[in-house]
Amino acid sequence: MKWIAAALLAGLLLLLPLFAGDFYINLASQILIAAIFALSLNLLVGFGGMTSLGHASYLGVAAYISALLTSRYGFGHGAAAIISIAGTIATAAFFGIIALRATGLGFLMITLALSQVLWGLAYRMSDVTNGDNGIAGLTRPMPFDISLDGAAAFYWFALIVASIAFLMMAVFVSSSFGSSLKGVRDQPRRMAALGFNPWMIRWITFIYAGFWGGVSGLLYVYYNKYIHPTSLSTTSSAEALLGVIAGGSGTLGGPVVGATLVLLLKNYASAYIERWNMLLGLVFLFIVLVMPTGIVPGLSKLMARLRRGSR
Amino acid sequence: MTPLTSDYALEIVDLNKAFGGLKVTQSVSLAIRQGERRLIIGPNGAGKTTLFNQISGDMRPNSGQIRLFGADVTKFAPYKRAHLGLSRTYQIITLFTGDTLQHNVTLGLLGLLPSRWQMWRPLSFYGDLAGEARRTLDTVGLLHLADHPVSEIAYGEKRRVELAMALAQKPRMLLLDEPLAGLSNTERSTVKSLIASIPRETAVIMIEHDMDTALDLAETVTLLNYGRVIVDGERDVVIADERTREVYLGS
């Protein structure tokens with residue numbers, strides 16, 4: 001049953017551009033990008049117990065570095081991508097050292113403050129970042145000389161990256177390291193007594209999450225061909241966090257569902273209501289009240305109950 | 001670093017710890033030989049668990065020195081001490097309640113292995129780890145519950161999982177914090193024979209209030225009161241000592 005559903009979903013994703021129009025293909029690409037971002041945030045929030053309100057930093061750093069290198073300094077996309085990811089990893093490593101001095105609320109506040117610093121830089125350092133105007137006129141890469149300018153081509157590119165990201169993060173959380181991470185989330189003291197180094201485990205996870213945040217940032221800037229300081233803002237961090245929690249933190253499907261939900265609401269509702277954030281808030285409130293652990297765990301619990309009931 | 005050879009598994013020299021004005025450890029000095037079985041007794045609030053927390057590294061002493069197998073570990077983080085061969089159990093059960101018994105014990109094994117850093121290979125691929133975890137569960141008589149989550153098992157069984165996690169690490173120095181607390185008589189004798197079957201070369205320090213059971217397991221006894229060592233020595237000598245009766249056993 002499970003395998004059939006997975007195969008159906010894979011087929012649907014793969015063949016989507018053949019039956020959907022450009023609008024929906026582009027929407028799907030955006031969902032894939034948001035899903036990678038939410039999955040990376042979930043490594044921290046769900047599996048590491050580190051609630052971050054500054055994860056957009058890594059998306060933004062990668063996007064800005066790539067945008068600047070390709071538009072202003074004449075770098076090729078390959079070199080720019082490598083440097084952006086390296087820059088993101090370095091940023092995450094540095095921010096991690098600062099933020100991991102605290103846990104819980106303290107950690108949350110530090111990640112928030114650090115991301116505000118970056119947002120401020122993007123906004124105010126206008127001779128470098130172009131400030132509020134953002135950086136426009138960017139191009140998409142041409143891997144193996146294939147143009148990604150068409151909606152379908154870009155979608156397939158994003159689908160490949162998202163699939164790799166999903167698989168790598170799925171293996172990560174089921175690995176020995178992932179078990180150590182969950183252990184440190186649940187019983188840090190015990191884990192230390194057993195020989196695990198909690199700080200190092202958290203720090204490596206922080207960097208790894210930053211890395212995937214950077215990957216989603218690259219896709220983001222390729223897709224939009226434009227980058228603006230709002231991408232680095234607390235609002236984008238919070239939106240992703242909302243998606244993770246609504247979908248179900250600490251599960252693999254949850255962040256994907258949550259990110260999809262947020263994006264759909266944003267795209268559809270914003271066409272009818274100006275204050276779509278209000279609607280998002282209401283939907284979020286409803287989810288938290290009905291399914292406190294999120295949509296994915298909530299639905300699987302419901303399914304289990306129905307199955308038991310029908311017997 | 002000096003070679004880790006010492007006749008002593010653990011040496012504590014003039015250890016002091018205070019919470020504000022409350023002195024919980026006062027110039028405590030102890031020496032535990034390799035393979036020694038030591039019982040620590042004392043009334044509630046005597047500073048027994050605090051002493052354990054300083055040995056394991058959960059708490060830093062204000063002054064004094066702790067040596068494990070000859071190495072000065074006073075400033076070592078807990079995980080480094082674990083890698084020198086120190087394991088402990090907790091008075092308040094500290095398990096991973098959502099995970100299976102097997103996973104709990106596996107974490108104990110993993111803690112000392114380099115593969116705990118492995119990110120690219122699912123943990124379930126390590127068949128030898130699973131086998132070792134199940135063998136350890138078998139020795140504490142819980143193999144039949146290996147695939148149940150900890151939250152589903154009884155209190156006495158949880159106590160045994162605590163023990164299994166520590167035993168799986170094959171420690172050279174084991175700290176047991178009230179391993180018999182809250183157990184029924186049958187469970188008590190099960191756990192007692194479990195502790196008795198710990199390999200001879202492992203040094204064991206046990207905090208326990210159940211003197212009837214614990215005294216049989218001990219070779220030496222330390223009596224603590226108000227954070228101080230009151231009497232310290234061979235079991236029968238300490239038990240016969242007048243101060244012991246005064247402080248603990250009641251005259």
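Two strands are said to pair if DSSP finds at least two bridges between them. In this predicted model, strand S3 (residues 37-41) of chain B meets that condition with strand S9 of the same chain, since four bridges join S3(B) to S9(B). The two strands run parallel. Within this pair, Ile40(B) stands opposite Thr222(B) in S9(B), and Ile41(B) stands opposite Leu223(B).

Strand S9(B) comprises residues 220-225 and is mostly covered, with five of its six residues buried. It has a second partner in strand S10 (residues 228-234) of chain B, to which six bridges connect it in the antiparallel sense. Leu223(B), already met as the residue opposite Ile41(B), also stands opposite Val231(B) in S10(B). S9(B) and S10(B) form a hairpin with two residues between them. In that turn, Tyr226(B) has a positive phi of about 50°. In a regular strand, side chains alternate between the two faces of the sheet.

These strands belong to a wider arrangement. Six strands of chain B form an open sheet in the order S6-S7-S8-S3-S9-S10, and their pairing is mixed. Strand S6 (86-88) and S10 of chain B each have a single partner strand, so they stand at the edges and one side of each is left without a neighbour in the sheet. On average, neighbouring strands of this sheet are turned by 15° against each other, direction ignored.

A helix of chain B lies against this sheet. H1(B) packs on the sheet and touches S3, S6, strand S7 (173-177), strand S8 (203-207) and S9 of chain B. The direction of H1(B) makes about 150° with that of S7(B). How many of the residues of helix H1 (residues 48-56) of chain B are buried? Nine of its nine residues are buried, and the helix is thus described as mostly covered. The buried residues of H1(B) include Lys48(B), Thr49(B), Leu51(B), Phe52(B) and Ile55(B). Just after H1(B), Gly57(B) takes a positive phi of about 100°.

Attention now turns to chain A and the packing of its helices. Two packed helices are described by the angle between their axes and the distance between the axes. Helix H2 (residues 22-47) of chain A and helix H10 (residues 198-224) of chain A pack at an angle of about 165°, with their axes 8 Å apart. Angles over 145 degrees count as roughly antiparallel, and H2(A) is therefore roughly antiparallel to H10(A). The crossing of these two helices, H2(A) and H10(A), is left-handed. By class, their contact has 15 nonpolar, six polar and no charged residues. Among the residues of H2(A) that take part are Ile33(A), Phe37(A), Leu41(A) and Leu44(A). Those on the side of H10(A) include Phe206(A), Trp212(A), Leu219(A) and Tyr223(A).

H10(A) also packs with helix H3 (residues 56-71) of chain A, at an angle of about 50° and with the axes 7 Å apart. H3(A) and H10(A) are therefore oblique to each other. The crossing of H3(A) and H10(A) is right-handed, whereas that of H2(A) and H10(A) is left-handed. In H3(A), the residues that meet H10(A) include Tyr58(A), Leu59(A), Ala63(A) and Ala67(A). In H10(A), the residues that meet H3(A) include Gly210(A), Gly214(A), Gly217(A) and Val221(A). The residues of the contact of H3(A) with H10(A) divide into nine nonpolar, seven polar and no charged.

Between H2 and H3 of chain A there is a loop that contains Gly54(A). Why does Gly54(A) count as buried? Gly54(A) has 26 C-beta neighbours inside 10 Å, and the cut-off for a buried residue is 20 or more. Leaving aside its neighbours within four places in sequence, Gly54(A) is in contact with Thr111(A), Leu112(A), Leu114(A), Ser115(A) and Ser237(A). The C-alpha atoms of Gly54(A) and Leu118(A) are separated by 9.7 Å, although these residues are 64 residues apart along the chain.

Finally, the two chains touch each other. The contact takes 24 residues from chain B and 19 residues from chain A. On the side of chain B, helix H2 (78-83) and helix H3 (101-110) each supply at least two residues. The largest share of that side, four residues, comes from H2(B). By class, the side of chain B that touches chain A has 13 nonpolar, seven polar and four charged residues.

Methods:
Residues are numbered from 1 along each chain as its sequence is written. Chains are lettered from A and ligands numbered from 1 in the order in which they are written. This is a predicted model: local features need pLDDT of at least 70, side-chain atom pairs count only at pLDDT 80 or more; totals for chains, interfaces and linings use all residues. A residue is buried if 20 or more other C-beta atoms lie within 10 Å of its own, exposed if 12 or fewer, and partly exposed in between; C-beta atoms are placed from the backbone. Axes are lines fitted to C-alpha atoms, for helices over the stretch in contact, and angles run from 0 to 180 degrees between N-to-C directions. Angles under 35 degrees count as roughly parallel, over 145 as roughly antiparallel, 65 to 115 as roughly perpendicular and the rest as oblique. A crossing is left-handed if the near helix is turned anticlockwise from the far one by less than a right angle, and right-handed if clockwise. Two residues are in contact if their C-beta atoms, placed from the backbone, lie within 7 Å. Ala, Val, Leu, Ile, Met, Phe, Trp, Tyr, Cys and Pro count as nonpolar, Asp, Glu, Lys and Arg as charged, and the others, Gly among them, as polar.
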